[in-house]
Amino acid sequence: MKILQEAFGDYNNEKVTRIRLINDNNVEISCLTMGAIWHQFLVPTKNGDHQNLLLSFDDINDYYSNPQNICKSIGRVAGRIKNASYDLNAKHYKLPQNDHGNTLHGGPHGFSTWNWDYSTSVDENGMSVTFQKKIDESMDGFFGEIQASIVYTLDNQNKVSIAYSATSGKEDTLFNPTCHVYFNLSNHRDLTTHELQINSDHILETDEHLIPTGKFITVDNTPYDFRHFKNVESVLKEVRGLDTAYVVNQSGYKTKAVAILRDKESKRQIIVYSDRNGLVVYTPENIEGQNISFSRDKGNLANKNEGIALEAQILPDAIHHENFGDIVLPSHSKQTYHISFAFEQFV
């Protein structure tokens, strides 16, 4: 196992560092201080090269020239908060708006917009990089101060674990972060050979701006039924892209896989684990005109739905729905959430 650190350009006049974690199987992840971005997930190929399982860029500026949140850490709160406001402890709080009058993915100054401090460590369980940032209302528009950390760990079982922690100050605040990487496990610039399975019987009903109504809808007899492996591309042809919040089965989401994404051609698969009750599945259906070209595109413009994001979180807009889960971080307390992505070759 080894850890490497190197310069990765500049963004907004700040130096960006790339941290590479390489395990004994020659599997590697790299992360960037800017946005606490998960930059690459490199796995060995049969010809001795590496395949990046993430849609990534070679230039830090490309991560910020489009609205897709590619590879970024999302916080304080993932998903949408209706009307960019909420009530708590008999007080009304307003948040920055950045999506049809709502707050999306932490607002315009969320986790992904900051250059984080970092440290590294190695132990018998693997290698880690820890990103840390003290964030207050003047920085992101969320009431209350937090000391936030994001820890990426790569072990010798080829599993990437991410721990998101926040310690609050003297005020209650909100905390529900996630990881917004896009996976493509194949050698193709589409998802035609990908299959997906999700441990969920229901999705959230949403309005025209993807704000949850509060109603759970069964996936029975719908294109959204991924309880058994289903070809992703076939579903995308039916629904014209996914931006769907799945209600993870409560009986298993802390012990069973939340989802499994696999590529039938390369036999690569990613198993997703989470300690929260929601999974937002997103494919970039509408990227035409955004001048996006991923590293794997070799200079060509990206195809729509070239990758798929699997965003584990407490259900979106939970602050407005009692049965969605609790995203309140009380004063003088600490909360940690975990997501892991285990890479395997299947038969």
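1. In this predicted model, the second largest pocket is lined by 14 residues, and those lying nearest its centre are H50, Q51, N52, R296 and K298. Two elements, β4 (37–44) and β5 (50–52), each give two or more residues to this lining, and of these β5 gives the most, with 3 residues.

2. The volume of the second largest pocket comes to about 300 Å³. Sorted by class, its lining holds 8 polar, 4 charged and 2 nonpolar residues.

3. The largest pocket encloses about 1,100 Å³ of space. Its lining is made up of 46 residues, among which R80, L104, H105, D243 and Y282 are the closest to the centre. At least two lining residues come from each of the strands β6 (72–74), β19 (200–206), β22 (243–248), β25 (278–282) and β26 (308–313). By class, the lining of the largest pocket comprises 20 nonpolar, 19 polar and 7 charged residues.

4. The UniProt record, an unreviewed entry, lists H180, V181, Y182 and D243 under "binding site". Although these positions span 64 residues in sequence, no two of their C-alpha atoms are more than 14.3 Å apart, so they gather at one spot. From this set, H180, Y182 and D243 belong to the lining of the largest pocket; D243 is also one of the residues closest to the centre of that pocket. As the annotation comes from an unreviewed entry, I would word any statement about it as coming from the record.

5. H180, one of the listed positions, is placed in strand β16 (residues 178–180), and its relative accessibility of 3% falls under the 20% limit, so H180 counts as buried. Leaving aside residues up to four places away in sequence, H180 touches Q68, N69, I70, C71, K72, I74, H105, Y282, A309 and E311. Of these neighbours, H105 and Y282 also appear among the residues closest to the centre of the largest pocket.

6. Y182 is located in strand β17 (residues 182–183) and is likewise buried, having a relative accessible area of 1%. With residues up to four places away in sequence again not counted, Y182 touches L53, L54, L55, Q68, N69, I70, Y282, P284, G307, I308 and A309. Contacts with Q68, N69, I70, Y282 and A309 are thus found both for H180 and for Y182.

Conventions. Residues are numbered from 1 along each chain as its sequence is written. This is a predicted model: local features need pLDDT of at least 70, side-chain atom pairs count only at pLDDT 80 or more; totals for chains, interfaces and linings use all residues. Side-chain values use heavy atoms; hydrogens and water are left out. On a 1 Å grid over the protein atoms alone, a cavity is a set of points where a 1.4 Å probe fits but cannot get out, and a pocket is an open set with protein on both sides within 12 Å along at least five of seven lines; lining residues have an atom within 4 Å of a point. Grid points are joined across faces, edges and corners, and a volume is the space filled by probe spheres set on the points. Helices (H or I, at least four residues) and strands (E, at least two) are DSSP runs, numbered from the N terminus. Ala, Val, Leu, Ile, Met, Phe, Trp, Tyr, Cys and Pro count as nonpolar, Asp, Glu, Lys and Arg as charged, and the others, Gly among them, as polar. UniProt positions are given in the numbering used here, feature names are shortened, and annotations may be inferred rather than shown by experiment. Buried means under 20% relative accessible area, exposed over 50%, partly exposed in between (1.4 Å probe, protein chains only). Contact means heavy atoms within 4.5 Å.
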